[in-house]
Amino acid sequence: MDRIPILKMGDALLVTIQIDMHDRLAIALQNDLTANIVRHRSKGVLIDISALEVVDSFIGRMLDNIAAMSRILDAETVVVGMRPAVAITLVELGLSLKGVKTALNVERGMDLIRARLDGGNADIEQRAP
Amino acid sequence: MASPQIASELQRLIEKYEDKLLSEWMRLQESAGPLRSGRISRSEIEQQSRNFLNALMRAIAGGNLEDVNAPSFAVVRDLLEEIGRTRAGQGFSQRETAMFIFSLKQPIMNLLSAEYGKDSGHLLSQSWAISLLLDKLGLHTIEAYQKSREDVIQRQQEEISELSTPVVQLWDGILALPLIGTLDSARTQVVMENLLQRIVDTGAEIAIIDITGVPTVDTLVAQHLLKTVAAARLMGADCLISGIRPQIAQTIVHLGVELNVVSKATMADAFGVALQRTGNMVIRKPQAAQA
């Protein structure tokens, strides 16, 4: 497998990472994801890493990068399903993923994105005459 | 005189006078005290002494008197380690444990002087050899004793750190982590693992870390707290810190530590915030008509 599938769910994109990442895969994912955000005008990106048992600084940085890119394209990134051991490893590595929102599972992550969308729409409605 | 010869002579001597040696040794051990405390029975000591003498005879039959780490001494070593361990468990002091071996010196010296009394050169080399050997064996016993005590201490430390880091569910989606005692890196690890696992199990959104029971907060403890908060955030749970005593608030500011977390003075306040964030409300019920 040389590509990670990106699923569209309403206004959000769902990415499930299930295999070990390496640089080429990460670059491919960043290309696909940014292209998809623009094409679907998505407002949120859910990255599900519940299948990852091992996370290194490379993946940590990749998540940060994806979040930064999505933010520029006005989509919010939520990392969901992190395992306890992975969370401890990332903290010990000094990567606390400051720019990324987190949620326990996909459901909670969707709630977060929906809350943001509702807020955004309310904004526009208020401004409308 | 060569050491194999000394060894074989000693071995013959011990074999010949084994019963006499044993009874004299037993008498010394009885007067030394361990028996009087009632922590060990006479027959048990006698059994241990007899086993030791037998093992010693077999060990030195090979002609080796110097190296107690040699394979020929394996049985003796095992026996002494066992004795050291059980004595530690029975609550004997190091001195009493060591006296098990050292009290054998006198009976053997008596034996040697009765045998070689006239040949002082021979007597000296024999006593020197056996004395060195018994010293080494005595130290071996003490090491085993010490090691078993250290094992006990380590086990207790582990138990304490397990016991003192409970994670309590206060409400649906709200966890509390009352920390008691000093936070070092090993304990932080346990705390973190417990907390994160419980977040997964209960699907909690908010965790309250209560540090009322933490005696001092220095930069290291603060860093450990922040690590725990960061790890919980990665799992999608927000942390509140509560139970900050006045002195601790002052220390934190003096040290220049930035906590960057919602902190409350008491657990009650933190719980209030947690209820609010999860959309719960506590309402006092109107009192029923009072008499």
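Here is a short tour of chain B, its cores, one helix pair and its contact with chain A. The model is a predicted one, and chain B is a good place to begin. Its secondary structure comes to 11 helices and five strands. Of its 291 residues, 29% count as buried.

**Chain B overall**
- Take the contacts in chain B that join residues at least 6 apart in sequence: 74% of them link residues at least 24 apart.
- One pair to look up is A61(B) and Q5(B), which are 56 residues apart in sequence, with 10.0 Å from C-alpha to C-alpha in space.
- A61(B) belongs to helix α3 of chain B, which covers residues 42–61.
- Is A61(B) buried or exposed? A61(B) counts as partly exposed, because it has 15 C-beta neighbours inside 10 Å, whereas a buried residue needs 20 or more and an exposed one has 12 or fewer.

**The nonpolar cores**
- In general, nonpolar side chains of soluble globular proteins tend to be buried together.
- The largest nonpolar core here has 68 residues, and I199(B) and A207(B) have the most contacts inside it.
- Helix α9 of chain B (residues 219–234) gives the most to this core, namely eight residues.
- Beyond its neighbours within four places in sequence, I199(B) is in contact with L104(A) from chain A. Its other partners of this kind are L175(B), A204(B), A207(B), A232(B), M235(B) and A237(B).
- There is also a second, separate core of 24 residues, with L10(B), L21(B), F100(B) and L133(B) among them.

**Helices α5 and α7 of chain B**
- Helix α5 (residues 94–102) and helix α7 (residues 120–163) of chain B have axes that come within 9 Å and cross at roughly 150°.
- Because angles over 145 degrees count as roughly antiparallel, α5(B) is roughly antiparallel to α7(B).
- Their crossing is right-handed.
- On the α5(B) side, the residues that meet α7(B) are Q94(B), T97(B), A98(B), F100(B), I101(B) and F102(B).
- On the α7(B) side, they are L134(B), L137(B), G138(B), T141(B), I142(B) and Y145(B).
- By class, this contact has eight nonpolar and four polar residues, with no charged ones.
- F100(B) turns up twice in this tour: it meets α7(B), and it is part of the second core.

**Where chain B touches chain A**
- The contact between the chains takes 14 residues from chain B and 13 residues from chain A.
- On the side of chain B, α8 (185–202) and α9 each supply at least two residues.
- Which helix gives this side its largest share? That is α8(B), with six residues.
- By class, the side of chain B that touches chain A has eight nonpolar, three polar and three charged residues.

Notes. Residues are numbered from 1 along each chain as its sequence is written. Chains are lettered from A and ligands numbered from 1 in the order in which they are written. This is a predicted model: local features need pLDDT of at least 70, side-chain atom pairs count only at pLDDT 80 or more; totals for chains, interfaces and linings use all residues. A nonpolar core is a set of buried Ala, Val, Leu, Ile, Met, Phe, Trp, Tyr and Cys residues joined through C-beta atoms within 7 Å. Helices (H or I, at least four residues) and strands (E, at least two) are DSSP runs, numbered from the N terminus. Two residues are in contact if their C-beta atoms, placed from the backbone, lie within 7 Å. Axes are lines fitted to C-alpha atoms, for helices over the stretch in contact, and angles run from 0 to 180 degrees between N-to-C directions. Angles under 35 degrees count as roughly parallel, over 145 as roughly antiparallel, 65 to 115 as roughly perpendicular and the rest as oblique. A crossing is left-handed if the near helix is turned anticlockwise from the far one by less than a right angle, and right-handed if clockwise. Ala, Val, Leu, Ile, Met, Phe, Trp, Tyr, Cys and Pro count as nonpolar, Asp, Glu, Lys and Arg as charged, and the others, Gly among them, as polar.
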